[in-house]
Amino acid sequence: MRSTIPLIITFFVGLFMVGEFFIPHWRYRIWTAELLEWGLILAAGAYMLGLANLIQVNLPKVMKKERDWGYKAVMLVSLVVTLFIGFHDGQHRHDDGAAYKWVFEFVFTPLNATMFALLAFYIASAAFRAFRARNVEATVLLVAACVVMLARVPMGEAIPVIGDYLPRFMNWIMDVPNIAARRAIFIGAALGAVATGLRVILGLERSHLGAD
Amino acid sequence: MRWLLLLCMLLPSIASAETVVLIPPGSAPAPQVAAVSDLSITAPEDNDGLNLDLAWTSVEGAFAYAVVRKRPDGDWVLVSETLPSGSDSFGDKVTTDAWEEPPAGTYDYRIITLAELPPTRADDITDAERIAQLQTLGLTSATVQGTPEASLVRTQMGALALMALILGVGGLMLWFTRQARLGKPIEIRRIPGIDAIEEGIGRATEMGRPVLYVPGIDELQDIQTIASMLILGQVAKTVAEYQSDIIVSCCIPIVREVADEVVKAGFYQAGHPDAYRPVNTRFISSEQFAFCAGTNGIISREKPATNIYLGRFFAESLILAETGFVNKSIQIAGTAEATQLPFFIAACDYTLIGEELFAVSAYLSGDPRLVSSLKASDWVKVVCVCAIAVGTITVTLGSTWLQELFTIAGG
């Protein structure tokens, strides 16, 4: 019974939501919007559980001074401070001069940008490994990547003889083999998504229902 | 003289009066362009009953067009005032409030042809005042009336083709499930990336280190996250059977809650409920790069032997995978996000591309009923390949009927 009721709910709600695409009537859309609203409320409630999980995972390690406890202490202090000033500033937290906005602009945003900037270095190291000509396929990838990179910078067009042809070759690579491969991935993924959705709606997949 | 004085006293109060009378159609103080003369209105087909389409012939010399609407229960409102000079159609949604029942009846529309750039709208001006202001800059068309029509079912060929596709997959799935029940073997090709998941868990067990599982960073309703949760169940079961440890790093709180239940179920099914540790299913942060930093911390400090990234990823994919590479973990990734696949292919040992992600849970379970669904989508893929081949030929020959069959107007 513990899994039968969720399976029945999944079946009817799944069919109902799929029906939204085929039944365009505005009244049907109001019903589906209502269901989605419930989902949003549940998701918002889960943030409280997420907060509890953060404390449950990190606080004991700080209390027992386990390995790397300092990082966790910084995280917990940041959490408490941000929460406090967020509640303190209330509706005015986004106003100029508000402490919450200051934290967002001068602490969170630079840290976020730092993480994003790391990507440049990681791309370089991953490209170095990916573009080694170990076999025929890797060599084709290397040549295609060199053509695209050269054609996208002014220096590429300045190369004598081949400079004029590089942008055209690059466009061909991007528009023909690249798009063909992407479309194949999209079609396969779309069919896989339909099959997965049907498996869940029809109750063939049950591992998401949790423990009995 | 007394009358003149009275008039001077009254003029300011007349100018500041709040009631604005709309100028009748076809008349304006300084018309320098013609009014739209052939305005027509239609209710689009296969519609939710909230849309009306306006069409007209664009006027020579017009600077822009403004569209005004009057609902059955209301006054004239400004719908748009920024349609560029060459415009000859406009699709209006009579209400943008998802919860509002649209008032029944006819809706009136007029188009104001503007001869020049209107002044910037002041914040405190009402729609009626703005409409009156715009009418002084051009000419107003005659009123047309239309009634939105709600369709009960989409009848476009594209929608019917999509319905046929879903029913086709469902029908084939049931057919192959029946075949599996009758004991007929269903063979599917080996997928090295999926086989590597079990090898990776075995490696983690031998090394005495945990397995890290990242289910992407998207919401639970995303199909890739759902697929990832289904795979997590199988992975957790295998981890429990090997008596190893699994850390699940989540970006969305509700995903963590579901992941926690799924991991718990996996440990119960494997007969090791005592080995399940709720603190190992962790919510990190709902901010993309904060989550990325937290997960990188887990990779660097807890040194998992195997990292499994399955779900929907964005810019954090390479940062996670490269950190795992530096940490010398075996890495298995899978996503249907085409922009992130090259990063995973470059940085991970095995990558599940697109549809392979959706095949993992069925493949790992070995349940003939689930494997039959893979067979079904494979057959639909054969149909799609044939349709692409036939479509290429027919379009080359100048026929577009197959193209139209797969076109869905209006989403």
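The expected span of a helix is taken as 1.5 Å times one less than its number of residues. In this predicted model, helix H2 of chain A offers a good place to apply that rule. H2(A) contains 38 residues, and the distance from its first C-alpha to its last is 55 Å, close to the 56 Å expected at 1.5 Å a residue. Just beyond the helix comes Lys65(A), a residue with a positive phi, near 50°.

Parts of H2(A) are well covered. Ala46(A), Gly50(A), Asn53(A) and Leu54(A) are buried in this helix; a residue earns that label if 20 or more other C-beta atoms lie within 10 Å of its own. An α-helix has 3.6 residues a turn, so residues three or four places apart point the same way. The cover over the buried residues of H2(A) comes from both chains: it includes helix H3 (69–89) of chain A, and also helix H6 (253–269) and strand S11 (281–283) of chain B.

That brings us to the meeting of the two chains. Here 55 residues of chain A contact 69 residues of chain B. On the chain A side, helices H2 (26–63), H4 (99–130) and H7 (166–201) each contribute at least two residues. The most comes from H7(A), which gives 16 residues to this side. Sorted by class, the side of chain A that touches chain B is made up of 35 nonpolar, 14 polar and six charged residues.

Turning to chain B as a whole, its 411 residues have a radius of gyration of 32 Å, whereas a compact globule of 411 residues would have one near 22 Å. The C-alpha trace of chain B spans about 110 × 55 × 35 Å along its principal axes. Buried residues make up 43% of the 411 in this chain. Among contacts in chain B with a separation of 6 or more, 73% link residues 24 or more positions apart.

Chain B holds twelve helices and 14 strands. Three of its strands form an open sheet with the order S1-S2-S5 and antiparallel pairing. Strands S1 (40–42) and S5 (89–93) of chain B lie at the edges with a single partner strand each, so one side of each has no neighbour in the sheet. From one strand to the next, the twist averages 25°. S1(B) and strand S2 (residues 51–55) of chain B run antiparallel and are joined by three bridges. Within this pair, Thr42(B) has Asp53(B) of S2(B) as its bridge partner.

Technical notes:
Residues numbered from 1 in each chain as written. Chains lettered and ligands numbered in written order. Predicted model: local features only at pLDDT ≥ 70, side-chain atom pairs only at ≥ 80, totals over all residues. Contact = placed C-beta atoms within 7 Å. Helix = DSSP H or I, 4+ residues; strand = E, 2+ residues; numbered from the N terminus. Nonpolar A, V, L, I, M, F, W, Y, C, P; charged D, E, K, R; others polar. Pairing = 2+ DSSP bridges. Axes fitted to C-alpha atoms, helices over the stretch in contact; angles between N-to-C directions. Buried ≥ 20, exposed ≤ 12 C-beta atoms within 10 Å, placed from the backbone. Rg over C-alpha atoms; globule rule 2.2 N^0.38 Å.
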